[in-house]
Amino acid sequence: MRFSLKPLAGSRPLTLRMKLGLFFLFWLVLISWLHYRLNYRQVSQKVVRMGYMPVVTNVAAPLLDYVTRHGAGVHFEAVKFSSFAEMAEALRNDSIQAAFIIAPLAVVLRQQGVDVKVVLIGSRHESTLVARKTLNAKRLEDLSGRTIAVPMRYSGHNLCLLKMIEEKGLGGKIRVVEMNPPDMASALTSGALDAYFVGEPFAAQTVLSDDADVVAYVESLWPNFICNLVLVKNSWIDADPSVARKLAEMAARSGLWAGRHPDEAARIVSGYWNQSVELVRYALTTPKGRVVYDRFIPKTAEIQTLADLMVRYNLARQADITGLVDDRFALAASVDGIDDLDSIVLSK
């Protein structure tokens, strides 16, 4: 059977004007549909912007973004920063509503008059001190006369390093400099830097490339070390406590899920971090069982220790952290029924 492409009897071929008219009609329908979709999302989905740096302690930020980006409810949008200082200013100016931020900066912001609250602690034991391979450094003492980078002066890494330098009698023998974590690996491989102390996967970059050796894992220097924590403004909590609760609880659940599903977590997170899946998987799993996800409840005593050290090393004038810690959401967080990725999301 053959089909004819001839026009039906009595029909007229489409003129150029008719074709243009149909084209513009289609275009109008398409634009109207896109406009509807964009406005529908704005009406149906509240957006909470979370600042984060691409480190393991903040693995919850991209995971929350991934699992809440579709559907109704709240979209917890992950906003990547290249420095903690920029993130702190964004929180101060309300450009973001939550910050997965380096711990001592919470003390700084509070003492500067910003009414912030620590509502959750990120995963622990994910920071590493590495040194250029040619130095053959096995311990901190082997880095005497060398330069070590930390993320910033207001970092747990700096406090830990200053504490170890004091305890080992290395005062004046090690130079500590500030450097944004994304720049550390290239600085070491170029010879501009001898060593650096940072959250993963930035240390793993030079370990896997065989440019650096591990000098120490942070847990051997400071058990229960806090790298980053979740910081929000008290006014934001007051305005919508149910969303603040969801953020804290779902962030805790995200970390626990990542610990049980490191391969899938690495696949998702690598796209946000712009890192290879292999590097992220290595950081999440090496050494095996290293990263701790279940110690997420903020404790005043731990933050007080940070503040006391900041005063000791002239990074703060006083150690008052009254009102900084708000543990109610973390204490009430349910950690049951965490199985597949969607189980991170709270139904209510």
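A crossing of two helices is called left-handed if the near helix is turned anticlockwise from the far one by less than a right angle, and right-handed if clockwise. With that in hand, let me begin with one pair, since the crossing of helix 11 and helix 12 is right-handed.

Before going on, a word about where all this comes from. This is a predicted model, in which local features need pLDDT of at least 70 and side-chain atom pairs count only at pLDDT 80 or more, while totals for chains, interfaces and linings use all residues. Residues are numbered from 1 along each chain as its sequence is written, and side-chain values use heavy atoms, with hydrogens and water left out.

The protein chain holds 14 helices and 10 strands, where helices (H or I, at least four residues) and strands (E, at least two) are DSSP runs, numbered from the N terminus. Of the 348 residues in the chain, 51% are buried; buried means under 20% relative accessible area, exposed means over 50%, and partly exposed is in between, with a 1.4 Å probe and protein chains only. If we take the contacts with a separation of 6 or more, 78% of them are between residues 24 or more positions apart, a contact being heavy atoms within 4.5 Å.

Let me return to helix 11, which covers residues 262–273, and helix 12, which covers residues 277–285. At what angle do these two helices pack? The angle is about 125°, and the axes are 8 Å apart, where axes are lines fitted to C-alpha atoms, for helices over the stretch in contact, and angles run from 0 to 180 degrees between N-to-C directions. Helix 11 and helix 12 are therefore oblique to each other, given that angles under 35 degrees count as roughly parallel, over 145 as roughly antiparallel, 65 to 115 as roughly perpendicular and the rest as oblique. On the helix 11 side, the residues that meet helix 12 include Ala265, Val269 and Trp273, and their partners in helix 12 include Val280 and Leu284. The residues of this contact divide into 8 nonpolar, 2 polar and 3 charged, where Ala, Val, Leu, Ile, Met, Phe, Trp, Tyr, Cys and Pro count as nonpolar, Asp, Glu, Lys and Arg as charged, and the others, Gly among them, as polar.

In the loop between helix 11 and helix 12 we find asparagine 274, which has a positive phi of about 60° although it is not a glycine, and which is exposed, with a relative accessible area of 66%. After helix 12, the peptide bond that joins threonine 286 and proline 287 is cis, with omega about -10°, and this proline is found in the loop between helix 12 and helix 13.

Helix 11 also has a contact with helix 2, residues 60–68, where the axes come within 9 Å and cross at roughly 100°. That makes helix 2 roughly perpendicular to helix 11. Pro62, Leu63, Asp65 and Tyr66 in helix 2 meet residues of helix 11, among them Ile268 and Tyr272, and by class this contact has 7 nonpolar, no polar and 2 charged residues.

Our last helix pair is helix 5, residues 156–167, with helix 13, residues 300–312, and here the angle is about 60°, with the axes 10 Å apart. That makes helix 5 oblique to helix 13, and the crossing is left-handed. Leu159, Lys163 and Glu166 in helix 5 meet Leu306, Leu309, Met310 and Arg312 in helix 13, which gives 4 nonpolar, no polar and 3 charged residues. In the loop between helix 13 and helix 14 (328–332) lies asparagine 314, with a positive phi of about 60° although it is not a glycine.

Finally, a strand. Is threonine 147 buried or exposed? Threonine 147, which lies in strand 6 (residues 147–150), is buried, with a relative accessible area of 14%. Its C-alpha atom is separated by 5.8 Å from that of valine 176, 29 residues apart along the chain. Leaving aside its neighbours within four places in sequence, threonine 147 is in contact with Arg175, Val177, Leu193, Asp194 and Ala195.
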